[in-house]
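Thank you all for coming. I would like to walk through one model this morning, taking the chains in turn and then the place where they meet.

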Amino acid sequence: MSIATAAQTIGPYWHLLDDPALADLTRFGATGERIELVGTVRDGDGELVTDGCIELWQPSPAADDVFPGFGRCATDAHGRFRFITLKPGPVPGRGNTLQAPHLAINILARGILTRLYTRAYFEGEPLNAADPLLGLIEDPARRATLIARPVGLATWQMDIRLQGNDETVFIEV
Amino acid sequence: MTDQRGSEIIGFRAPAPGSQPSNDTPAYGSTRKRHPLHRPLAFAHTVTETTGPRFSPAQFPATADISMVKGHAAMGERIIVSGRITDEDGRPVPHTMVEIWQANAAGRYHHPRDQHDAPLDPHFTGTGRVFTDAEGFYRFTTIKPGAYPWRNHHNAWRPNHIHFSYFGPGFATRLITQMYFPGDPLLALDPVFHAVPDAGARERLIARFDLDTTQPEWALGYRFDVVLRGRDATPMEG
Ligand SMILES: [Fe+2]
């Protein structure tokens, strides 16, 4: 048995890979409930993270030729990211559980050696109350860091704090 | 796929102790305000983590030779990097996308934020993309990247390296890493490399010179094999 290769930081120059089109998961013509996920990334001093790479994956709706399920977005000069995608539905959890609709999020940047992983849930979603992951977070303030709130007709906002009092709940992956 | 059935989900194995860097690595100054203070929430993988993106070469065309632009050769030492991607059980990872980016031979990135006083090369952009074949092999042609200074500490220089991005079968297998070159004296001084606690795990980030990959009268070859996480031995019931 071999051991998985070590991670290293994505560094400050990863934008050589960047294609802004990847932030729009509907670019191949996928149809459904189109939403926008936006947010600002800050560090332990509250400083904007302007060189970050945010990646999004969603198991629902299922990926196909027109819906990649995956997106990538650079944080801008204001630490902001913005994805356009389709609103996910619930997916099975372990056993007979059901997971509330959510998006999986990777945060990569200079100063981050191993990707940080989290999820974005949606405020007001009835299934949130029974979600197996949200249920593990006892502190309501901590739990709220994983819940995007509506800030427009179809725009949801979830800010990310890498370190500090309102630190985002990151998930072992 | 069994992944879609909650009760049959097979997650990916936890990292072997010491094999992965800690985000709290004080010698690498940028980690100071960017590492979480809370422990990550333990949560067994679900379909969200066991599935992941698929990229088609039709939508993401391969660029296997980045040693030239429009027929003009980049400056520097042309090299071939090849290797095999397997999982921890030795199974090949077929048809997965591999992305690379790197500095040019002078140690300068084709990037607006790179202010290192070294020449840009109009014939080198330093980014490429390939897919593994059915047996997990990949290969690309590039230029050996130069070392470059950074401001982590006094007289700090990054060893020669190529940045790599891998996906594998699930979002949990996502891996961003750096490939280093054998015999580089800067490795001993590099806090990013040394953020990996286990010496063997660090060694595996160093490519080896490979005469079989080397092409006569053309380019030196390096071999860089990568291991992505394997599946847990037994399915975990919810
Ligand atoms: Fe680099």
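What percentage of the 173 residues in chain A is made up of buried residues? The answer is 49%, and I should say at once that we are looking at a predicted model, so every value I quote is computed from it.

Let me stay with chain A for a moment. Its secondary structure consists of one helix and eleven strands, and if you follow the elements from the N terminus you pass through β-β-β-β-β-β-β-β-α-β-β-β. The radius of gyration of chain A is 16 Å, which agrees with the value near 16 Å that a compact globule of 173 residues would have. Taken along the principal axes, the C-alpha atoms fill a box of roughly 45 × 40 × 40 Å. When we consider the contacts in chain A between residues at least 6 apart in sequence, we find that 69% of them join residues at least 24 apart.

Now to chain B, which has two helices and 13 strands. Here the radius of gyration is 19 Å, close to the 18 Å that the globule rule gives for 238 residues, so chain B is as compact as a globular protein of that length. Its C-alpha trace spans about 55 × 40 × 30 Å along the principal axes, and buried residues account for 42% of its 238 residues. Of the contacts in chain B with a separation of 6 or more, 72% are between residues 24 or more positions apart.

Within chain B, I would draw your attention to an open sheet of four strands, in the order S5-S4-S9-S10, with antiparallel pairing. Strand S5, residues 127–131, and strand S10, residues 175–180, each have a single partner strand and stand at the edges, which is why one side of each is left without a neighbour in the sheet. From one strand to the next, the twist averages 25°. Strand S9 of chain B, residues 161–166, pairs with S10(B) over six bridges in the antiparallel sense, and within that pairing B:His161 has B:Tyr180 in S10(B) as its bridge partner.

Elsewhere in chain B, strand S3, residues 78–87, and strand S12, residues 220–223, are paired in the parallel sense over four bridges, with B:Tyr222 in S12(B) as the bridge partner of B:Val81. S12(B) is also joined by two bridges to strand S11, residues 208–209, and those two strands run antiparallel; there, B:Arg208 is partnered with B:Arg223.

How many residues does each chain bring to the contact between them? Chain B brings 65 and chain A brings 56. On the side of chain B that touches chain A, at least two residues each come from helix H1 (47–50), strand S4 (97–101), S9, S10 and strand S13 (226–228), and the largest share, four residues, is supplied by S10(B). That side of chain B divides into 27 nonpolar, 24 polar and 14 charged residues.

Finally, the core. In soluble globular proteins, nonpolar side chains tend to be buried together. In this model the largest nonpolar core has 93 residues, and those that touch the most other members are A:Leu37, A:Leu56, A:Ile107, A:Ala120, B:Val81, B:Tyr166 and B:Leu228. If we set aside neighbours within four places in sequence, the contacts of B:Leu228 include A:Ala4, B:Ile85, B:Val93, B:Tyr166 and B:Leu175.

How values were computed. Residues numbered from 1 in each chain as written. Chains lettered and ligands numbered in written order. Predicted model: local features only at pLDDT ≥ 70, side-chain atom pairs only at ≥ 80, totals over all residues. Pairing = 2+ DSSP bridges. Axes fitted to C-alpha atoms, helices over the stretch in contact; angles between N-to-C directions. Core = buried A, V, L, I, M, F, W, Y, C linked by C-beta atoms within 7 Å. Buried ≥ 20, exposed ≤ 12 C-beta atoms within 10 Å, placed from the backbone. Contact = placed C-beta atoms within 7 Å. Nonpolar A, V, L, I, M, F, W, Y, C, P; charged D, E, K, R; others polar. Rg over C-alpha atoms; globule rule 2.2 N^0.38 Å.
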